[in-house]
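Please open the structure in your viewer and keep the sequence beside it, since the tour below moves from one selection to the next. At each stop there is something to select and a short account of what is there.

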Amino acid sequence: MRKCFLLALVIIMMSSHAFGQYQYQWTPRTQKIYEAITSLSIPEARTLMSQDKKANASNLIYPLLESYADFYQLFLNENKDEYSRMYPAFEQRIELLEDGPKKSPYHLYSLALAHLHKSLIALRFNKNLEAGLDFRKAFLLFKENKKAYPNFSPNDVYLGLMTTVIGTIPKGYQWMANILGMSGKITEGNALVLKYINSKDAYANQCRNEALFVYPYLIMNFEGNKKKTFDFIEKTGFDFANNHLHAYMATNLYLNNQQSQKALQIVSNLNPSTNYLDLPFWQLEIGYAYLNELKLDAAKNALQQFINRFKGQFYVKDAYEKLSWIAYIQGDQAKANAYRSNVLSKGNDITDADKQALQNAKKGTWPHPILLRARLLSDGGYQQQALSVLTGKTSRDFDKDADKTEFAYRLGRIYDLAGQPDQAIPFYTSAIEKGANQPEYFAARAALQIGLIYEQKNNPTLAITFFNTCLEMKNHAFKNSLDQKAKTGIQRCLRK
């Protein structure tokens with residue numbers, strides 16, 4: 001009996017001792033691993049972690065770093081087999097982190113990050129309810145940690161990001177956010193992230209890579225300030241060759257904002273080391289960039305490589321639509337039709353680009369070849385070449401009502417992107433008049449762009465009028481993203 005008692009006592013003492021050894025130690029070594037992960041040098045980071053974990057089993061920063069690595073790998077490559085194998089580990093790590101020492105700023109911070117990672121992966125793989133629950137947990141944990149440790153600056157990056165996102169929830173749904181304990185404002189969220197970027201405290205480098213990754217997106221997507229975004233990118237001193245995460249951000253933003261040459265230059269100069277995560281995404285972006293130059297064979301090769309290598313669902317329909325356009329422009333209608341059939345059967349329609357590709361394929365019609373060439377050149381930033389394609393044309397040169405609307409919209413967009421907004425407004429206005437009740441996006445986008453022009457002219461009243469015109473249009477392509485941009489535009493104008 002005495003031996004059993006002593007044995008039980010020893011086990012309890014050993015268990016207590018093991019529990020008590022859990023700690024959060026952010027060291028130069030963990031910083032190196034973090035920087036590898038957030039440069040997308042994930043194979044290298046995993047090698048370093050496997051070397052360190054056994055000797056540092058009590059340091060809970062390592063499970064957090066594993067969460068980071070799994071998050072980026074799953075989010076960017078969207079591999080279903082990897083998801084099935086890796087996703088359960090997010091919850092296991094959360095349970096482990098819950099046993100960490102409570103009197104550390106890293107405790108709630110690590111738990112919040114782990115929930116945020118899990119939330120975003122759930123969202124990526126269409127588990128929306130689970131994503132929402134984990135997002136709420138993460139936000140409330142960051143808020144609680146901010147209150148307990150106001151000087152722990154890494155908290156500001158993620159709390160700022162989430163505050164901005166919550167700040168864009170439409171007014172009709174704000175009551176739901178309030179019930180869930182979430183509230184936010186775009187300006188406050190963005191300011192928190194910038195505050196961290198400019199900080200000089202002991203934590204200033206700890207999550208700097210991610211702060212520099214998210215901040216340009218926040219400026220572009222929620223402040224709607226293109227100049228401020230690219231000024232920040234070009235003056236910050238990013239190392240795009242060696243940090244593939246930052247290159248991912250810049251390539252994406254340049255491509256989506258008519259600067260295909262800059263995007264292509266970044267991808268062409270990436271460090272080719274096998275230490276980096278293998279991303280089919282780069283081939284997708286190369287394909288877009290070449291297509292916008294009308295370098296059709298090079299674009300086709302890159303897009304086909306993306307299709308062949310990518311194991312996920314996002315942008316697959318869009319890639320097939322781009323391949324169908326290439327074949328269509330090159331006069332191979334049979335191949336164009338074959339690619340279009342893949343738009344109907346492959347990928348998913350979660351992103352707006354994929355939704356639009358699916359709608360176009362179901363409609364069964366093809367874009368006017370002249371308008372398509374002008375669009376592609378304009379999307380790449382080649383405004384003079386795009387304008388020359390349309391020179392001498394009028395709306396009477398197009399038979400379909402949708403083409404007449406697009407012709408007006410396209411001219412407005414070209415002049416707008418060329419820095420001539422006063423010349424753009426009449427064409428945008430014509431597009432609104434012609435296409436307000438059409439399923440295409442041209443009229444709604446024209447209204448949004450006029451709103452942005454008047455916002456830049458410091459005329460918030462007129463800007464809000466056109467933002468509302470955009471919101472009032474129903475059942476058109478890209479409605480979700482255009483409505484989101486219009487709503488954030490209204491919020492900005494109301495603050496002026």
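In which helix does L212 lie? Select L212 and you will find that it lies in helix 11, and please keep in mind throughout that the model you are looking at is a predicted one.

**Stop one: helix 11**

With L212 still selected, look at its surroundings: L212 has a relative accessible area of 6%, and because buried means under 20%, this residue counts as buried. Leaving out residues up to four places away in sequence, L212 touches I197, F232, T236, F238, H246 and M249. If you then add N308 to the selection, which is 96 residues from L212 along the chain, you can trace a separation of 32 Å between the two C-alpha atoms.

Next select N209, which also lies in helix 11, a helix that covers residues 208–223. Is N209 buried or exposed? With a relative accessibility of 15%, N209 counts as buried, and, when its neighbours within four places in sequence are left aside, N209 is in contact with Y34, E35, T38, S39, N243 and H246. H246 is thus worth highlighting at this stop, as it appears among the contacts of N209 and also among those of L212.

**Stop two: helix 14 and its neighbours**

Now select residues 260–268, which form helix 14, and colour its buried residues, namely S260, A263, L264, I266 and V267. Seen around the axis, these residues cover an arc of only 160°, which puts them on the same side of helix 14. Turn the view to the other side of helix 14, and there you will find Q265 and S268, which are exposed.

Which helices do the buried residues of helix 14 pack against? They pack against helix 13 (244–256), helix 15 (281–292) and helix 20. Show helix 14 together with helix 15, and you will see the two packing at an angle of about 145°, with their axes 9 Å apart, in a crossing that is left-handed. At this contact S260, L264 and V267 from helix 14 meet W282, I286, A289, Y290 and N292 from helix 15. Sorted by class, the residues of this contact are 6 nonpolar and 2 polar, with no charged residues.

**Stop three: helix 21**

Move on to residues 383–390, helix 21, where the buried residues are Q383, A386, L387 and L390. When you look down the axis of helix 21, its buried residues fall within an arc of 100°, so they line one face of the helix. Against helix 20 (369–380) and helix 22 these buried residues pack, and if you follow the chain past helix 21 you reach G392, whose phi is positive, near 90°.

**Stop four: helix 22 with helix 23**

Select residues 401–417 for helix 22 and residues 421–435 for helix 23, whose axes come within 7 Å and cross at roughly 160°. How are these two helices oriented to each other, roughly parallel or roughly antiparallel? Because angles over 145 degrees count as roughly antiparallel, helix 22 and helix 23 are placed in that class, and helix 22 passes helix 23 in a left-handed crossing.

To see the contact itself, show the side chains on both helices: among the residues of helix 22 that take part are K404, Y409 and R413, while those of helix 23 include F427, Y428 and K434. The residues of this contact divide into 9 nonpolar, 5 polar and 4 charged.

**Stop five: two loops and a distant pair**

Select Y315, which lies in the loop between helix 16 (296–309) and helix 17 (316–329). Its phi is near 70°, a positive value in a residue other than glycine, and Y315 is partly exposed, with a relative accessible area of 32%. Then select N475, in the loop between helix 25 (460–472) and helix 26 (479–494), where phi is near 55°, again a positive value in a residue other than glycine. N475 is exposed, with a relative accessible area of 69%.

Finally, select L494, which has its place in helix 26 and, at 55% relative accessibility, counts as exposed. Add I37 to the selection to end the tour: L494 and I37 are 457 residues apart in sequence, and their C-alpha atoms are 40 Å apart in space.

Methods. Residues are numbered from 1 along each chain as its sequence is written. This is a predicted model: local features need pLDDT of at least 70, side-chain atom pairs count only at pLDDT 80 or more; totals for chains, interfaces and linings use all residues. Side-chain values use heavy atoms; hydrogens and water are left out. Helices (H or I, at least four residues) and strands (E, at least two) are DSSP runs, numbered from the N terminus. Buried means under 20% relative accessible area, exposed over 50%, partly exposed in between (1.4 Å probe, protein chains only). Axes are lines fitted to C-alpha atoms, for helices over the stretch in contact, and angles run from 0 to 180 degrees between N-to-C directions. Angles under 35 degrees count as roughly parallel, over 145 as roughly antiparallel, 65 to 115 as roughly perpendicular and the rest as oblique. A crossing is left-handed if the near helix is turned anticlockwise from the far one by less than a right angle, and right-handed if clockwise. Contact means heavy atoms within 4.5 Å. Ala, Val, Leu, Ile, Met, Phe, Trp, Tyr, Cys and Pro count as nonpolar, Asp, Glu, Lys and Arg as charged, and the others, Gly among them, as polar. The arc is that of the directions from the helix axis to the C-beta atoms.
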